[in-house]
Every structure is written in structure tokens, then in C-alpha cells.
Amino acid sequence: MKAFERKWWHSAVVYQIYPRSFMDANGDGIGDLAGIISKLDYLRQLGINLIWLSPVYRSPMDDNGYDISDYEDIAAEFGTMAEMEQLIEEAKARDIHILMDLVVNHTSDEHPWFLEALKGKDNPYRDFYIWRKPAPDGGPPNDFRSYFGGSGWAFDEASGEYYLHQFSVRQPDLNWENPRVQEEVHAMMNRWLDRGIGGFRMDVIDLIGKEVDKQIMAKGKNLHLLIHQMNRATYGARDKLTVGETWSATPEDALLYSDPERQELSMVFQFEHIKQTWDEKHGKWRSRPFELSRFKAVIDKWQTALADRGWNSLFWSNHDLPRAVSKFGDEGEYREASAKLLATALHCLKGTPYIYQGEEIGMTNVRWSTIEEYRDIESLNFYRERIAAGITHDEMMTGIHANGRDNARSPVQWDDSPHAGFTTGTPWMAVNPNYRSINVARALAEPDSILWHYQKLVALRKLYPVLVYGDYQMLFAEHPQVFAWLRRYEGDTLLVINNVSREHLTLDIPEPLQAWHGECLISNYAPRDQLAVSLELQPWESFALLIRE
Ligand code: GLC
Ligand code: CA
């Protein structure tokens with residue numbers, strides 16, 4: 001077997017910015033590039049190496065920028081291309097690289113390619129998109145449903161044909177069977193790489209191989225070939241980080257994507273641990289309580305499957321998901337302890353950690369009572385659709401509170417001034433009312449805050465290769481409240497123990513481990529530097545102990 005090849009992004013930590021909600025520099029209520037630039041010193045202090053920047057391209061903002069009308073211009077509300085270039089440069093001066101969000105499964109309906117395509121069946125851009133004749137009854141060609149509700153087909157009066165949109169009707173799907181689409185996208189990617197970015201986060205990349213007439217959307221037959229070709233034509237020779245968003249990935253798929261020999265991607269985001277909190281039948285709008293045993297089994301499966309080949313991404317939250325501490329921790333009495341536990345778990349597993357903006361201060365979900373306070377197209381569409389189908393307001397709101405995407409999109413809480421210091425104007429979405437106690441200024445001032453806990457973990461990954469390359473072995477697999485594991489690397493052993501509950505627990509330690517002692521690298525209660533016959537664990541206690549030969 002070939003030796004495991006080391007990459008710079010193995011020890012890197014990524015921080016995700018959702019620009020609309022990060023920092024508003026000009027008071028129009030919408031976060032912007034100048035706002036991000038103003039916070040680069042903060043991010044440098046946190047120690048992160050890359051920023052995954054959710055889309056800032058020109059867009060009518062039907063899906064907050066995931067509907068792009070020009071891949072090589074910046075939305076006016078976010079700034080200018082000159083500011084984008086300044087962001088890349090100023091970040092680089094702080095050893096931070098920018099990952100651009102590559103949204104190429106679809107464009108906006110205002111993209112010039114689509115405007116051309118609408119001009120008629122003979123237009124050279126017609127085949128950039130996916131058109132089908134109506135069914136015999138005049139309805140959509142088949143019953144494929146959009147992920148945002150309703151039919152996945154929209155009718156074009158002028159030509160009498162339907163176009164495919166897996167997301168909103170304003171996000172027509174690109175036709176990846178057309179070589180010209182491939183060439184245009186590759187050329188665009190190369191121009192971004194030439195601007196000096198660190199790589200790409202690839203939006204719903206598992207959908208581009210779609211076999212439309214068979215209604216196979218994820219994992220179509222050409223998917224891996226298309227990604228391999230993209231690698232060869234663009235980033236492959238440039239040593240970049242690429243991460244694909246793949247809701248459909250099994251561990252076997254993740255190996256196909258991330259085995260370096262196959263020349264596809266650095267890693268993928270898989271969502272199996274996230275889906276453990278969704279109802280099996282009704283999906284995300286009916287949430288299922290977090291159950292540690294299921295969660296552990298999923299993490300264990302992925303850590304084991306990608307042990308020697310491929311690479312994992314590690315994340316608890318992003319702009320499409322609820323806040324980590326609200327979902328997996330305890331946002332009440334144990335908010336601080338549980339947020340630190342989640343941070344320790346994230347950084348001590350094997351893979352590249354991703355921190356979502358605000359997670360580093362333990363921001364929580366928002367809970368508004370009327371649908372008018374929500375902004376997300378997904379929540380709004382589903383609310384409308386399901387209320388019409390007879391589901392009650394309360395039931396829908398329960399679903400939105402638990403898993404709606406706006407939980408993660410309320411503005412970052414910088415300080416305790418009005419609107420949390422996010423804007424001097426009126427924010428596009430209200431700030432979480434808890435900003436007076438949960439904010440960055442306060443976290444910076446408190447030496448034992450969640451923020452400094454994150455900062456310490458990011459630094460530890462640079463100091464101790466066992467955190468990056470150590471192999472992984474689960475401990476206490478059957479324990480219903482304890483999530484623990486070992487990492488081993490060249491004579492170093494890292495032991496990580498987490499009490500994922502609000503209970504005081506007595507944990508019996510197996511005989512061979514009882515005498516272990518070493519250096520406590522991180523903890524959220526008093527540091528522990530040795531084991532014993534048993535440990536009395538505090539609620540949400542978490543620590544990592546380094547034992548050196
Ligand atoms: C991805 C994005 C999400 C977006 C969707 C369509 O899932 O993360 O925010 O709505 O793709 O582009
Ligand atoms: Ca602004």
C-alpha cells in the first residue's frame with residue numbers, strides 16, 4: 001500500500017461565513033465583504049486557516065445567493081470585485097485562504113445563459129438547461145418533486161416545454177451532459193483559482209450526474225467521471241482544498257470521492273449524523289430527539305471507514321442546519337459546558353473540522369412564533385404547502401424551530417449594543433434576543449469562554465500530530481451517555497472522554513487504563529491528568545488526555 005500522503009488541509013480548520021449574517025459595514029442591514037474584512041483579525045486570533053464563504057456572487061437572492069446570475073461578479077449588496085480581491089489578499093496576509101462556494105448544479109433564472117435559453121429551442125444556450133415536453137395531459141413530464149416543495153418542473157409558455165429545477169423555480173438545473181457547460185464552468189473555476197483562492201466548497205455536487213428521465217438525481221452514472229474531469233481541468237494540479245456537499249454519500253461513496261488516487265475531491269460533507277435527528281418518514285420537519293447511541297454508531301462507522309484512505313470532514317452545523325448547541329447540546333443551564341464538549345469532540349476526531357459562524361460563542365437557535373419573522377425560502381414554501389394540506393401552524397412551527405435553516409442565519413452577535421453590533425441599520429433578519437448575554441465581546445473578555453476553548457483546540461491541532469493523524473478507536477461503545485475514544489500516533493495516545501448528558505455519572509474504567517496518566521490538553525471542568533478505578537463525571541464534562549510513551 002502507498003504511504004498515506006500528507007496534505008496541508010489535514011491539519012487545517014475551516015470557518016464558515018454566511019455573508020448576509022456575518023457583519024454589516026455600511027448600515028444597510030445586510031452583512032457584506034467590508035464587514036468580513038473588518039473581522040479578519042478576530043478570525044486570525046481564533047486561529048482558523050480557511051474561510052468557506054457562502055455565495056457572494058451576483059444574484060437575485062431568491063435562495064440568498066445560491067441562485068447565481070453572474071459567477072464573476074459580486075452582488076451589489078455584498079460589495080465589489082475589488083473588495084473581493086482585497087478580502088483574498090488581506091486574508092492571505094493573515095494565513096487564511098478563501099474557499100469559494102461553487103454552485104453549479106443550477107444557476108439563477110436571471111443568469112444570461114438561462115435568458116438566452118428562454119429565447120427558443122434553437123438558441124445555442126438552450127441545451128445548457130434541461131427541457132422536456134409536457135406529459136400527454138399537458139402536465140409536468142414526470143412527478144419529480146423539488147427539494148423546496150412543489151413540482152420540480154416549471155412550464156415555459158413561449159416554447160411549450162418544461163425545465164427542470166431541483167430547488168426553487170428560479171434555480172434552473174444546468175445540463176451537465178452538455179460539454180459546453182463543463183467547459184464554461186471549468187474556465188470560470190480556473191479564473192477564480194487564478195485570483196488566489198484556497199479551493200472550493202461544492203454545493204450539492206452529488207446531483208450533477210443526474211439521469212433525469214430515470215428520476216435518478218443523486219449519484220447518477222456519470223457523477224464521478226464529471227468530478228474527476230473537473231479535478232483534471234481545474235484545481236487538480238494546484239494543491240487546493242475541495243469539499244463536496246453530498247447528502248447522499250455513504251462511507252463507500254466518500255471513499256470514491258476522497259481517495260487521492262482517484263483525483264476527485266479532498267473530502268465530502270456527509271449528513272448521516274445530522275439525519276439521526278430527523279423523523280425517518282417525515283424528514284426534517286418532524287424532528288426526532290437526539291439519541292447519543294445512534295449518533296455514536298454513525299460517527300464510529302465513518303471514522304472507521306475512512307481510517308486509511310480518503311478523509312472525513314467534521315461538522316455539527318452550517319447555514320442549512322440548526323445551531324449545534326441547540327441540537328446536540330443543552331442550550332439552557334449547560335450551554336457553556338455542552339458547547340465546549342461539542343467543540344472538543346469536533347477537533348479531536350479524525351478529519352478536518354468546520355466551525356460555523358457563531359458556533360464559537362455558543363449561539364443558539366431562534367424561536368419566532370409567526371412565519372412572517374422567517375426569511376428562508378425553504379421554510380416559507382413548506383409552511384405554505386403544508387398548511388394548505390391541513391397541517392397545523394403549531395406543528396409546522398415546531399418543525400421550523402427544531403430544524404429550520406434560519407436558526408443558523410440570524411446575525412452574528414458581536415456585542416450587547418442594539419442589533420448585537422451586527423448593523424447600525426435594521427437587520428434583514430432579527431437578531432436572537434439573547435445577544436445581551438451571548439456575544440463575541442463578552443466571550444473575548446472571559447478567559448474561560450467557549451470562544452477561548454475553540455481557540456485552544458484549533459491551536460492544539462497544530463501542535464500535536466496525534467489529533468490530525470492518530471488512528472481512532474471507540475471506547476465504552478455500549479455506554480448510553482458517554483462518548484469516548486482513543487487516538488494513537490507514533491507513541492502518543494490521546495484519550496477523549498465526553499459525558500453527553502446533564503447527569504453526574506460514575507464511569508468505571510477498565511483495568512488496563514486505570515493507571516494511565518499524562519497531560520490534560522483540554523477540559524471544560526478542572527483538568528484531569530490521570531485516570532482511576534472510576535471517574536465521577538460532571539454534567540457535560542469533556543476532556544482530552546495525552547499519554548506519551
Ligand atoms: C445547498 C446549500 C443550500 C441551498 C441548496 C441549493 O444545499 O447549502 O443552502 O439552498 O444547496 O443551492
Ligand atoms: Ca451592508
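I began with tryptophan 192 in this predicted model, and, leaving aside its neighbours within four places in sequence, I listed its contacts as Tyr57, Tyr71, Glu72, Ile74, Met81, Met84, Ile88, Met100, Ile197 and Phe200.

I then asked which members of the largest nonpolar core touch the most other members. Among the 154 residues of that core, I found these to be Leu53, Met84 and Trp192, and I noted that Met84 is also in the contact list of tryptophan 192. Looking next for the element that gives the most to this core, I arrived at helix α11, which spans residues 335-348 and supplies 8 residues. Apart from this core I located another, of 18 residues, which includes Phe476, Leu495, Ile509 and Phe543. As background I wrote down that nonpolar side chains tend to be buried together in soluble globular proteins.

My next entry concerns ligand 1, around which I counted 13 residues, with Asp63, Asp203, Glu245, His319 and Asp320 coming nearest. Sorting this shell by residue class, I obtained 7 charged, 4 nonpolar and 2 polar residues.

For the polar contacts I looked up the distances from side-chain N or O atoms to oxygen atoms of ligand 1, which came to 2.5 Å for aspartate 63 and 2.8 Å for aspartate 203. For histidine 319, a polar side-chain atom lies 2.9 Å from an oxygen atom of the ligand. How much of the area that ligand 1 exposes when taken alone does the protein bury? I recorded 310 Å² for the ligand alone, of which the protein buries 97%.

Definitions and conventions: Residues are numbered from 1 along each chain as its sequence is written. Chains are lettered from A and ligands numbered from 1 in the order in which they are written. This is a predicted model: local features need pLDDT of at least 70, side-chain atom pairs count only at pLDDT 80 or more; totals for chains, interfaces and linings use all residues. Side-chain values use heavy atoms; hydrogens and water are left out. A nonpolar core is a set of buried Ala, Val, Leu, Ile, Met, Phe, Trp, Tyr and Cys residues joined through side-chain atoms within 4.5 Å. Buried means under 20% relative accessible area, exposed over 50%, partly exposed in between (1.4 Å probe, protein chains only). Helices (H or I, at least four residues) and strands (E, at least two) are DSSP runs, numbered from the N terminus. Contact means heavy atoms within 4.5 Å. A residue is near a molecule or strand if one of its heavy atoms lies within 4 Å of it. A polar contact is a pair of N or O atoms within 3.5 Å; within protein, one must be able to donate a hydrogen and the other to accept it, and residues adjacent in sequence count only if both atoms are side-chain atoms. Accessible areas come from the Shrake-Rupley method with a 1.4 Å probe; for residues, only the protein chains shown count as cover. Ala, Val, Leu, Ile, Met, Phe, Trp, Tyr, Cys and Pro count as nonpolar, Asp, Glu, Lys and Arg as charged, and the others, Gly among them, as polar.
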